[in-house]
Each structure stands twice: as structure tokens, then as C-alpha cells.
Amino acid sequence: MTSPSTGPTPGPAVGSPAPATGERPGHAPEHTPRLDWSAHAPEVYKAMIRLDAAARKGLDPTLLELVKIRASQLNRCALCVDMHSKDALAAGESVERIVQLSAWEESAHFYTEQELAALALTEAVTVLTEGFVPDAVYARAAEHFDEPALAQLIASITVINAWNRFGVTCRMTPGHYRPGQHR
């Protein structure tokens, strides 16, 4: 077996029971999701899918994956970090740039000025500890995106934050997503 993040993983020893799905020998057991919210609120789930598709229109897919990964890191949504990292890798994004997202301000040289502006806006919209998005952050983003693209970016940041809240609240389990599965 192979794992995208760790490479080859050994199978179970001969004669020993196979680990449960998603579990690896010596690793902590996989937690059980609290609630399959999409099964119990299918109309909300379908509306989220439509909102997600509408929000991303006209934006660079690579930039969007970086934004989604960063918001998901901030919100500690393991399912979304897993999903969007895999989608970014499948789309040709480098491992290095994905790894550096957690320290993007110190690793600015990995990103374009437009990506840096989008990441700063992502953080400001995601972490509203000051109660607002600072004018300087907004102005920086407005320098790199025209108004229609900026509106789409803000919508995309808002949508990934909503997805993160479903994932974190319901304790959705990472590790089972395959790239492109939810496109």
C-alpha cells in the first residue's frame, strides 16, 4: 500500500488481523465522524455545492487551492486540508509551496504578489479577531484583483470557511479523499 504523505506503508504481519479501514499499524486509531450532515441536510449540501461552484468562477484554480488549504489550516479542518492538498498536487502544485503555506509570510518568495495578497485576505476573513478585515489587507488585494475577481475571491474564502465549519463540527475524517472526487 502507499500513502500520498508517507510513501509505502507495510501491510499487516502474516497471521495478524488486518487493521480497520484507514488505520495503520502503530498509528492512532481513526476517529469516527460525529454526524454525516450531508445525508441529514441534503438540500443544504446541494446548495453548498452550487455556492462553491459559483464562487470559484473566473478565479485561477491553483490560487483557489492555496486559499482553501490556508483557510483550512487556520480552521484546523483536517478533512479540507487533506482534500485541497491532494487536489492541488493533482493539478501540478508543488509539495514545497503547499508545505510552506503554514508559514507563508516567512516564505513569501515561494508565492507571487497576487497569491500573497490572496493569502493575507484569506487570513483576515478567516480570523476575524479584530472584528473586521483591515483596510491595508483589503487594499493590497484590490491592487491585484479587479472588482469582479475580488468579489469572487471573497466569496470563495467565505465558502471554504463554511465547509470548514461543517467538517470540524461533524469531525469529518481525513485520509480517504481522492483528487477530483468532489469536482
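**Exercise 1. Which residues does Leu63 touch, not counting residues up to four places away in sequence?**

Solution. The model is predicted, so local features need pLDDT of at least 70 and side-chain atom pairs count only at pLDDT 80 or more, while totals for chains, interfaces and linings use all residues. Residues are numbered from 1 along each chain as its sequence is written, and side-chain values use heavy atoms, with hydrogens and water left out.

Step 1. Leu63 lies in helix H3; helices are DSSP runs of H or I with at least four residues, strands are runs of E with at least two, and both are numbered from the N terminus.

Step 2. A contact requires heavy atoms within 4.5 Å. On this criterion, Leu63 touches Gln114, Glu115, Ala118, Phe145 and Leu153.

Step 3. Leu63 has a relative accessible area of 3% and is therefore buried; the class means under 20% relative accessible area, with exposed over 50% and partly exposed in between (1.4 Å probe, protein chains only).

Step 4. The C-alpha atom of Leu63 is separated by 9.0 Å from that of Leu119, 56 residues apart along the chain.

**Exercise 2. Compare the span of H3 with its expected value, and state how far H3 is covered.**

Solution. Step 1. The expected span of a helix is 1.5 Å times one less than its number of residues. For the 15 residues of H3 this gives 21 Å, and the end C-alpha atoms are 21 Å apart, which agrees.

Step 2. Eleven of the 15 residues of H3 are buried, among them Leu64, Val67, Ile69 and Ala71.

Step 3. The cover of these buried residues includes helix H2 (42-56), H4, H5, H6 and H8.

Step 4. After H3 comes Arg76, whose phi is positive, near 60 degrees.

**Exercise 3. Describe the packing of H3 against H4.**

Solution. Step 1. Axes are lines fitted to C-alpha atoms, for helices over the stretch in contact, and angles run from 0 to 180 degrees between N-to-C directions. H3 and H4 (residues 78-90) pack at about 160 degrees, with their axes 9 Å apart.

Step 2. H3 and H4 are therefore roughly antiparallel to each other. The classes are roughly parallel under 35 degrees, roughly antiparallel over 145, roughly perpendicular from 65 to 115, and oblique for the rest.

Step 3. H3 contributes Glu65, Lys68, Ile69, Ser72 and Gln73 to the contact, and H4 contributes Cys80, Val81, His84, Ser85, Asp87 and Ala88.

**Exercise 4. Describe the cover of H6 and its contact with H7.**

Solution. Step 1. Helix H6 (residues 113-126) has 14 residues and reaches 20 Å from its first C-alpha to its last, close to the 20 Å expected.

Step 2. Twelve of the 14 residues of H6 are buried, including Leu116, Leu119 and Val125. Their cover includes helix H3 (61-75), helix H5 (95-100), helix H7 (135-144) and helix H8 (147-169).

Step 3. H6 packs with H7 at an angle of about 145 degrees, and their axes are 9 Å apart.

Step 4. From H6, the contact is made by Glu113, Gln114, Leu116, Ala117, Ala120, Leu121 and Ala124; from H7, by Val137, Arg140, Ala141 and His144.

**Exercise 5. Summarise the chain as a whole.**

Solution. Step 1. The secondary structure comes to eight helices and two strands, in the order β-β-α-α-α-α-α-α-α-α along the sequence.

Step 2. Of the 183 residues of the protein chain, 36% count as buried.

Step 3. Among contacts between residues at least 6 apart in sequence, 66% join residues at least 24 apart.
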